[in-house]
Amino acid sequence: MLAPVRSPAAIALTVLEREIDAPGEGLDRLRLVPTPFVPEVRLHLAEDAIVWWARMEAAAGHALPPPYWASAWAGGQALARHLLDHPELAAGRRVLDLAAGSGLVAIAAALAGAARVVANDIDPYAVAAVTVNARANRVAVVATGEDLLDSDGGDADLLVAGDVFYDRELAARVLPFLRRAVARGSRVLVGDPGRGHLPRDLLDPVTSYRVPTTEPAVDSSVRQVEVLRPRFGGTDPEAGSGSAGGSNPMSPVADRS
């Protein structure tokens with residue numbers, strides 16, 4: 001009898017659970033720690049994501065996706081902080097966290113009282129990381145690995161995206177996706193630490209934070225990070241936390257660093 005075929009996310013979950021339970025310490029280990037700037041959320045993070053990645057690739061015998069989920073990225077930290085400080089943005093809403101990575105923003109939305117939270121990332125290890133991190137924080141988050149960028153975000157009332165403008169090709173797909181979500185009626189919030197492909201002419205800043213970061217390969221331990229919203233017409237039902245007025249449509253514009 002043939003064994004059932006396991007999905008990549010299920011295999012990744014088994015690997016991460018084994019890593020979490022493994023004894024010992026060191027740069028190549030995962031640790032459950034309070035997130036810098038968002039201590040309400042605990043995440044399984046790598047002491048050194050590059051060293052962890054190298055060991056896991058050696059063990060697997062083949063290339064693995066970069067473990068973006070194993071670090072706390074500044075854009076997500078700022079967005080999670082904003083949701084926890086302004087829980088009315090997520091409370092009672094259906095939230096979609098795009099390119100969720102560790103699930104930090106999704107977990108913050110759940111803690112803020114969201115009615116339903118979906119965390120989406122195409123990396124199977126990120127889907128697994130969301131699962132173990134939501135479990136550690138005792139919140140319900142649905143993790144999915146589908147590529148959603150050709151959709152409009154489904155029925156999400158609030159779409160959040162932390163740090164998605166680090167790559168030209170990704171930005172060129174994300175922008176039409178966000179435009180469709182806005183046209184459908186979803187509120188959109190983006191967290192960004194000044195990436196090179198951020199379309200500033202199409203986004204308005206909501207607030208900014210000085211965020212301590214554990215990102216690999218950055219020159220400073222603190223980054224200035226903005227929370228932004230797209231420009232679109234209509235009246236914001238929650239003054240001060242939704243869309244600014246105007247009718248500048250979002251259009252495709254084409255270094256996590």
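Student: How many aromatic pairs does a search of the whole structure find?

Tutor: Four aromatic pairs turn up in that search. Keep in mind that this is a predicted model. A good one to start with joins Phe 37 and Tyr 209: their ring centres are 5.5 Å apart, with 75 degrees between the planes.

Student: How should I read that angle of 75 degrees between the planes?

Tutor: Planes over 60 degrees apart count as edge-to-face, and the pair of Phe 37 and Tyr 209 is edge-to-face.

Student: Which parts of the chain does this pair tie together?

Tutor: Phe 37 sits in the loop between β1 (30-35) and β2 (38-46), while Tyr 209 belongs to strand β8 (residues 203-212), so the pair ties together parts 172 residues apart in sequence.

Student: Are Phe 37 and Tyr 209 buried or partly exposed?

Tutor: Here the cut-off helps: buried means under 20% relative accessible area. Tyr 209, at 13%, is therefore buried, whereas Phe 37, at 24%, counts as partly exposed.

Student: Which residues do ring pairs link into a cluster?

Tutor: That cluster is made of Tyr 68, Trp 73 and Tyr 166.

Student: Now for a single residue. Where is Ser 186 found, and what is it in contact with?

Tutor: Look in the loop between α6 (168-184) and β7 (187-192). Ser 186 has a relative accessible area of 2%, so it is buried. A polar atom of its side chain lies 3.3 Å from the backbone oxygen of Ala 156. Setting aside neighbours within four places in sequence, Ser 186 also touches other residues, including Asp 157, Leu 158, Leu 159 and Ala 181.

Student: How do the axes of helix α1 and helix α5 cross?

Tutor: Two things to read are the distance and the angle. The axes of α1 (residues 8-21) and α5 (residues 124-137) come within 8 Å and cross at roughly 50 degrees. The two helices are therefore oblique to each other, and the crossing is right-handed. Among the residues making the contact are Ala 9, Leu 13, Leu 16 and Ile 20 of α1, and Ala 128, Thr 131 and Arg 135 of α5.

Student: Why do residues three or four places apart in an α-helix point the same way?

Tutor: An α-helix has 3.6 residues a turn, so such residues point the same way.

Student: How many residues of helix α4 are buried?

Tutor: Seven of the eight residues in α4 (residues 104-111) are buried, which leaves the helix mostly covered. The buried ones include Leu 104, Val 105 and Ile 107. After α4 comes Gly 113, with a positive phi near 100 degrees.

Conventions
Residues numbered from 1 in each chain as written. Predicted model: local features only at pLDDT ≥ 70, side-chain atom pairs only at ≥ 80, totals over all residues. Heavy atoms only, no water. Phe/Tyr/Trp six-rings, centres within 6.5 Å; stacked < 30°, edge-to-face > 60°. Helix = DSSP H or I, 4+ residues; strand = E, 2+ residues; numbered from the N terminus. Buried < 20%, exposed > 50% of the residue type's maximum accessible area, 1.4 Å probe, protein only. Polar contact = N/O pair within 3.5 Å; in protein donor to acceptor, adjacent residues only side chain to side chain. Contact = heavy atoms within 4.5 Å. Axes fitted to C-alpha atoms, helices over the stretch in contact; angles between N-to-C directions. Parallel < 35°, antiparallel > 145°, perpendicular 65-115°, else oblique. Left-handed = near helix turned anticlockwise from the far one by under 90°.
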